[in-house]
2 protein chains.
Amino acid sequence: MANHGDNPITEAEDRFVTAWGQMGSAWGISRTMAEVHALLYITGDALCTDDIMARLEISRGNASMSLRALVDWGIVFRTHKRGDRKEYFVAEQDIWTMARAIVRERLKREVEPLLASLHEIRDLSSKSGAETEAIEAHNERIENLVAIFELIELLVQRFVSPSGEGLEAAAMLLNQSHTRDERDEREGRG
Amino acid sequence: MANHGDNPITEAEDRFVTAWGQMGSAWGISRTMAEVHALLYITGDALCTDDIMARLEISRGNASMSLRALVDWGIVFRTHKRGDRKEYFVAEQDIWTMARAIVRERLKREVEPLLASLHEIRDLSSKSGAETEAIEAHNERIENLVAIFELIELLVQRFVSPSGEGLEAAAMLLNQSHTRDERDEREGRG
DNA sequence: CACGGTTTTCAGTATTTTCTGAAAACAACC
DNA sequence: GGTTGTTTTCAGAAAATACTGAAAACCGTG
């Protein structure tokens, strides 16, 4: 990032961009893509490619590709300004909508392919015919994996469904059960 | 992986190792580390470094580092065999225990540092003094992020707590609420 | 405390991923 | 349909990451 102005807000923005970029890369997302998203989110402004290039000191190509990826993820949108040919970009500002989009997209890109593989592997394994104890155990491990990932898929589909809400509801629900269980504990239910 | 034997089980194992390795790298974990884990999990055996080196065709150094990381994550354990000086490694076989360990570790490594940054950023931002509308909006965005990540932290701590169970319980809970809501929907509650 | 078996470390190398920049494609306007 | 401002693409360059292999450290034993 360029060392533009140094009022607290600008510094806060830069720091957030950095922190979000780091988190992104720990989660298998390109640092720059996460930083572009961070910048759009934290400023809340509609920025054009040149704004982003300047502020993050990245090339046009990189900015373009990152933006396209963010638009594909559904957490950044294209806009236009009257009398200006350029495209501008704004980040989804509702944090729950954003969270839903991210979780949904990761499900689609990573969990679903894994599940597909697991299903294939299951078929393959079950063709083994012989039923030694070792094979039984192997099959059970595969089953367990299928079960947990199907559960994850189900939960995500339910709570991150396109229809909306749900994640917040889940949070409430879990949170409630949290406090309820704590009370139970205090009252001596094991 | 070496093209050892080609009975369906061995092939299934190899395929699982590959699939798990891919998923791992999509989630910011080194491919090899995920593959080593996959191998230990899917065979269920206690394997020594040389077994792993041979099966995955990796160097001793790589095997050693991957294993140490897996042990740090708490999803692989060291063991020994009578009359054998070598160390052997076994994967946690309970899939829920494994899931808890993974989630807990990621919380610690990625969410907590992010939260620490967000707190700092919040302090920084609030020092701004001036209270223009833009600054208000900025502060609110930071607040929202802090709120959502603190919620995540809370939920994870609750359901992935060292004490155990909990994740399954959460799954049940969510699953129930899922089926309940579906029924509600069928009955025409919007 | 020297030896053989084993594990860890880490400098250097290889691989993968990301980024750049210039050229091509596009699109609004005249 | 040519001009101009803008975006996309992508081959090659740079950076980041992961891996190797050999040396060092470790460790139980005689």
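These are my notes on how the protein meets DNA strands C and D in a predicted model.

**Entry 1, strand D.** I looked up the protein residues around DNA strand D and found 18, with Arg68(A), Arg85(A), Glu87(A), Thr32(B) and Ser59(B) the closest. Of the strand D atoms that come within 4 Å of the protein, 63% belong to sugar and phosphate.

**Entry 2, polar contacts of strand D.** I then checked phosphate oxygens. The side chain of Arg68(A) has an N or O atom 3.0 Å from one of them. Glu87(A) comes to 2.7 Å through a backbone N or O atom, and Ser59(B) uses a backbone N or O atom at 2.7 Å. Helix H4 (60-73) of chain A and helix H4 (60-73) of chain B are the elements that give two or more residues to this surface. H4(A) gives the most, 5 residues. By class I noted 3 nonpolar, 7 polar and 8 charged residues near strand D.

**Entry 3, strand C.** I repeated the search for DNA strand C. It has 18 residues around it, and the nearest are Thr32(A), Ser59(A), Arg85(A), Arg68(B) and Glu87(B). Sugar and phosphate make up 60% of the strand C atoms within 4 Å of the protein.

**Entry 4, polar contacts of strand C.** I found a side-chain N or O atom of Arg85(A) 3.0 Å from a base nitrogen of strand C. Phosphate oxygens of strand C lie 3.2 Å from a side-chain N or O atom of Asn62(A) and 3.2 Å from one of Ser64(B). On this strand H4(B) supplies the largest share of the surface, 5 residues. The classes near strand C are 3 nonpolar, 7 polar and 8 charged.

Terms used. Residues are numbered from 1 along each chain as its sequence is written. Chains are lettered from A and ligands numbered from 1 in the order in which they are written. This is a predicted model: local features need pLDDT of at least 70, side-chain atom pairs count only at pLDDT 80 or more; totals for chains, interfaces and linings use all residues. Side-chain values use heavy atoms; hydrogens and water are left out. A residue is near a molecule or strand if one of its heavy atoms lies within 4 Å of it. A polar contact is a pair of N or O atoms within 3.5 Å; within protein, one must be able to donate a hydrogen and the other to accept it, and residues adjacent in sequence count only if both atoms are side-chain atoms. Helices (H or I, at least four residues) and strands (E, at least two) are DSSP runs, numbered from the N terminus. Ala, Val, Leu, Ile, Met, Phe, Trp, Tyr, Cys and Pro count as nonpolar, Asp, Glu, Lys and Arg as charged, and the others, Gly among them, as polar.
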